[in-house]
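Colleague: I should like a close look at one part of this model, namely the surroundings of the ligands. Please set out which residues line them, which polar atoms approach them, and what lies alongside in the fold.

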Amino acid sequence: MRSFTIRVPATSANIGPGFDVVGLSLSLHLTLTVTVTPPDNASPARPPKITYSGEGADEVPLDAYKNLTTRVALYVLRCHGITTFPANLTIHCDNEIPFGRGLGSSGAAVIAGVLLGNELGDLNLPIERLLDFALMVERHPDNVTAALVGGFVGSYLRELDQAATEAASVPLSEVLPEYPPDAGEDWGLNPPQPPLGIGHFVRFGWSDSIKALAIIPRFELSTAKARGVLPQEYSRKDLVFNLQRLAVLTTALAQNPPDPELIYEAMKDRVHQPYRKTLIPGLPEVTSNITPSTHPGLLGICLSGAGPTILALATGGFEAIAEDARAIFKTHGIEVDWKVLEIAGGSVVHKS
Ligand SMILES: Nc1ncnc2c1ncn2[C@@H]1O[C@H](COP(=O)(O)OP(=O)(O)OP(=O)(O)O)[C@@H](O)[C@H]1O
Ligand SMILES: N[C@@H](CCO)C(=O)O
């Protein structure tokens with residue numbers, strides 16, 4: 001019998017102005033406990049068995065050909081000529097990352113799947129190649145990169161030549177077909193290979209004094225829907241507004257002590273948050289009424305990923321920030337939960 005665990009952190013993307021560029025790993029985890037038992041008379045070959053506990057357990061598919069994590073693992077295996085899961089594969093997923101809240105649940109599921117495929121196939125892929133596979137599934141790099149390598153991370157996608165662009169642009173349904181039970185033998189056996197070196201990243205510094213307060217509304221907002229409200233084009237004024245702030249933010253969050261006035265302004269955004277406020281009632285009031293002068297300890301406040309979670313970076317005063325945000329959301333009929341989180345390390349595979 002062979003067993004191992006895979007532990008992947010939650011992530012908050014954007015941090016205000018860094019839309020599709022920066023991500024921060026947070027101390028909520030998706031943990032997979034995996035066992036593979038060689039078939040024998042006592043345990044004849046059977047298909048994968050998946051169980052879940054924690055967040056999303058009542059809605060996630062337990063069919064290995066429909067579950068996001070195992071579909072990604074099968075994609076990685078099939079790209080290496082391994083067509084099926086090993087017999088007698090058992091996976092228990094314990095999940096602390098709420099679905100569809102802007103805390104990187106899908107990015108964590110994708111990274112868990114890439115690492116699962118890498119382990120099951122004994123592929124020993126380097127980190128850059130693991131990222132290529134993740135980027136064929138989740139096509140913005142901010143969440144998956146931070147979930148894989150951990151910390152406060154900036155990333156870009158390399159400009160690909162035409163053939164590689166086409167390979168990386170195939171529809172997700174071709175990368176991850178939902179293998180129907182009655183599909184022919186060759187369904188999905190030759191999936192598109194990721195081009196080499198799609199994503200590149202750097203880890204920024206982070207002041208140990210800064211923690212992340214996640215204020216989590218009790219409703220889901222899919223990333224696809226929250227991307228659907230964004231415009232195709234932006235004014236030069238708005239782009240420069242974001243670039244100026246992002247350049248300052250990436251260093252300001254590493255300084256000791258952190259400067260609240262500098263960071264609060266540097267976490268403002270004009271590229272995604274103004275458009276998403278229609279989907280998240282209360283968002284503009286929370287980000288403009290809760291400031292470092294009204295709430296000592298606060299450094300900056302923004303939408304976490306595609307929302308609806310609000311991310312407040314702070315050195316203290318967490319309860320006052322969270323309860324005042326709760327009161328604002330309540331006037332819009334929205335209940336919230338809140339958690340103070342640490343900045344987490346990257347994904348870890350532990351073999352027992
Ligand atoms: N642990 C998991 N196992 C399987 N599927 C998952 C898991 N976590 C998330 N998913 C899938 O991803 C969907 C949520 O993805 P979505 O991109 O909309 O939100 P998010 O990743 O939580 O938010 P954001 O990208 O803004 O941080 C879930 O509805 C579910 O289908
Ligand atoms: N950068 C992404 C993160 C969510 O996955 C967005 O804001 O849409």
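Modeller: A residue is taken to be near a ligand if one of its heavy atoms lies within 4 Å of it. The model is a predicted one. With that cut-off, the surroundings of ligand 2 consist of Ala13, Asn14, Phe19, Asp20, His140, Asp142, Asn143, Thr223, Arg227, Arg276, Gly305 and Ala306.

Three side chains from this list approach oxygen atoms of ligand 2 with polar atoms. For asparagine 14, a polar side-chain atom is found 2.8 Å from a ligand oxygen. In histidine 140, a side-chain N or O atom likewise lies 2.8 Å from an oxygen atom of ligand 2. For arginine 276, the separation between a side-chain N or O atom and a ligand oxygen is 2.9 Å. Taken on its own, ligand 2 has 260 Å² of accessible area, of which the protein covers 96%.

Thr223 leads on to ligand 1, since this residue is listed around ligand 2 and is also among the residues that come nearest to ligand 1. Ligand 1 has 20 residues around it, and those nearest to it are Tyr52, Gly104, Ser105, Ser106 and Thr223. Serine 106 places a side-chain N or O atom 2.7 Å from an oxygen atom of ligand 1. The backbone takes part as well: an N or O atom of the main chain of glycine 100 lies 2.9 Å from a ligand oxygen, and in leucine 103 a backbone N or O atom is at 3.3 Å from an oxygen atom of ligand 1. Of the 650 Å² of accessible area that ligand 1 has on its own, 84% is covered by the protein.

As for the fold alongside, the residues around ligand 2 include Gly305 and Ala306. The neighbouring stretches of sequence belong to an open, antiparallel sheet of four strands in the order β8-β9-β7-β10. Strands β8 (298-303) and β10 (336-341) each have a single partner strand, so one side of each is left without a neighbour in the sheet. On average, and with direction ignored, neighbouring strands here are turned by 20° against each other. Within the sheet, β7 (residues 211-217) and β9 (residues 310-314) run antiparallel and are joined by five bridges. In that pairing, alanine 212 stands opposite leucine 313 of β9. Helix α12 (residues 318-331) lies across β7, β8, β9 and β10, at about 20° to β7.

Key: Residues numbered from 1 in each chain as written. Chains lettered and ligands numbered in written order. Predicted model: local features only at pLDDT ≥ 70, side-chain atom pairs only at ≥ 80, totals over all residues. Heavy atoms only, no water. Pairing = 2+ DSSP bridges. Helix = DSSP H or I, 4+ residues; strand = E, 2+ residues; numbered from the N terminus. Axes fitted to C-alpha atoms, helices over the stretch in contact; angles between N-to-C directions. Contact = heavy atoms within 4.5 Å. Polar contact = N/O pair within 3.5 Å; in protein donor to acceptor, adjacent residues only side chain to side chain. Areas by Shrake-Rupley, 256 points an atom, 1.4 Å probe, with all protein chains shown as cover.
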